[in-house]
Amino acid sequence: MGNDMYSVEQVAELLGLHVRTVRGYIRDGRLRAVRIGKQYRIARADLDALTGRPAPAAGPPAVEVSSIVQVDGVDRAAADRLATLVLAGVNTQHDPARPLRVQTVHDEERHRMKIVILGDAAATADLLRLVDAVLAGGNDLLIGKETGDA
């Protein structure tokens with residue numbers, strides 16, 4: 001038998017309870033158990049349900065990144081353009097199973113913009129690369145210069 005099934009005695013020891021108390025929980029339906037012969041066996045998931053511990057997730061662990069990007073020297077029009085670009089970047093490449101949440105805030109007094117990003121590590125990294133590329137080489141976007149028509 002693996003570690004995912006426990007005897008009444010093991011559960012009593014783990015929880016610091018008397019064996020009779022654990023059996024009472026089983027009889028009352030507070031703790032689910034399977035009767036094998038004359039003994040009860042309690043699954044790890046049922047023990048976790050009793051104690052309120054979340055069941056471990058199957059598969060690789062979920063990773064969520066939170067990032068705050070601060071951009072100084074940005075007026076309202078440039079902040080709006082940057083926010084539109086960032087939100088377009090989020091909406092064009094997103095996995096519905098792992099949504100990327102983005103919020104932008106502009107402080108007009110300080111000419112400062114903050115971009116708050118919450119989500120998957122890879123998607124956050126892609127969005128940060130986009131923001132970096134725009135800020136590093138695309139100042140035309142921020143200062144509102146028009147590109148010349150041919």
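A search of the whole structure, which is a predicted model, returned zero aromatic pairs. An aromatic ring does, however, take part in an arrangement with a charged group: the charged end of R35 is placed over the ring of Y40, at 5.1 Å from the ring centre.

Strand β5, spanning residues 101-107, includes H106. With a relative accessible area of 14%, H106 falls under the 20% limit and is therefore classed as buried. The side chain of H106 makes a polar contact with the backbone oxygen of V74, at a distance of 2.7 Å. When residues up to four places away in sequence are set aside, the contacts of H106 comprise V74, D75, R76 and A79, together with H111, R112 and M113.

Helix α5 comprises 17 residues (residues 121-137), for which a rise of 1.5 Å a residue predicts a span of 24 Å; the C-alpha atoms at its two ends are 24 Å apart, in agreement with that expectation. Within α5, the residues A123, T124, L127, V131 and V134 are buried, and, viewed down the helix axis, the buried residues of α5 fall within an arc of 100 degrees, so that they line one face of the helix. On the other side of α5, the exposed residues are R129, D132, A136 and G137. The N-terminal end of α5 is capped by D120, of which a side-chain oxygen lies 3.3 Å from the backbone nitrogen of A122.

Methods
Residues are numbered from 1 along each chain as its sequence is written. This is a predicted model: local features need pLDDT of at least 70, side-chain atom pairs count only at pLDDT 80 or more; totals for chains, interfaces and linings use all residues. Side-chain values use heavy atoms; hydrogens and water are left out. Rings of Phe, Tyr and Trp (its six-membered ring) pair if their centres lie within 6.5 Å; planes under 30 degrees apart count as stacked, over 60 as edge-to-face and the rest as tilted. A charge sits over a ring if NZ of Lys or CZ of Arg is within 6 Å of the ring centre and within 35 degrees of the ring normal. Helices (H or I, at least four residues) and strands (E, at least two) are DSSP runs, numbered from the N terminus. Buried means under 20% relative accessible area, exposed over 50%, partly exposed in between (1.4 Å probe, protein chains only). A polar contact is a pair of N or O atoms within 3.5 Å; within protein, one must be able to donate a hydrogen and the other to accept it, and residues adjacent in sequence count only if both atoms are side-chain atoms. Contact means heavy atoms within 4.5 Å. The expected span of a helix is 1.5 Å times one less than its number of residues. The arc is that of the directions from the helix axis to the C-beta atoms.
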